[in-house]
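Colleague: Could you walk me through the charged pairs in this one? I'm new to this, so keep it simple.

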Amino acid sequence: VINSRGREYRSPDMQSFDFLEPYLRMIFGFVGITDIQFVTAEPMDMGMEMQDQRIREARETARELAVRF
């Protein structure tokens, strides 16, 4: 799953506000898909420099996952 978010939910104090990943894991699990990887570009609302950096990081993560796939 490739997604982006305006805010960053990686930190432990913000993880409880992440509704997307748990929801998608539940829905995919319901139909039998359990091996799911998430590539998330976040935060996207912290200026262009930060946005560009996080997009580059997400692309690199996606490339690494593609090699293992």
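Modeller: Sure. This is a predicted model, so local features need pLDDT of at least 70 and side-chain atom pairs count only at pLDDT 80 or more, while totals for chains, interfaces and linings use all residues. Residues are numbered from 1 along each chain as its sequence is written, and side-chain values use heavy atoms, with hydrogens and water left out.

Colleague: Are E42 and R5 buried or exposed?

Modeller: Buried means under 20% relative accessible area, exposed over 50%, and partly exposed in between (1.4 Å probe, protein chains only). E42 has 2% relative accessibility, so E42 falls in the first group. For E42 and R5 alike, the word is buried.

Colleague: How many residues apart in sequence are the parts that E42 and R10 tie together?

Modeller: E42 and R10 form a salt bridge, with their closest N and O atoms 3.3 Å apart; the term means a side-chain nitrogen of Lys or Arg within 4 Å of a carboxyl oxygen of Asp or Glu. E42 sits in the loop between β2 and α2, and R10 in the loop between β1 and α1. Helices (H or I, at least four residues) and strands (E, at least two) are DSSP runs, numbered from the N terminus. So the parts tied together are apart in sequence by 32 residues.

Colleague: Which helix holds both R63 and E60?

Modeller: Their side chains meet in a salt bridge, 4.0 Å from N to O. R63 and E60 are separated by about one helical turn, because they are 3 residues apart in helix α2.
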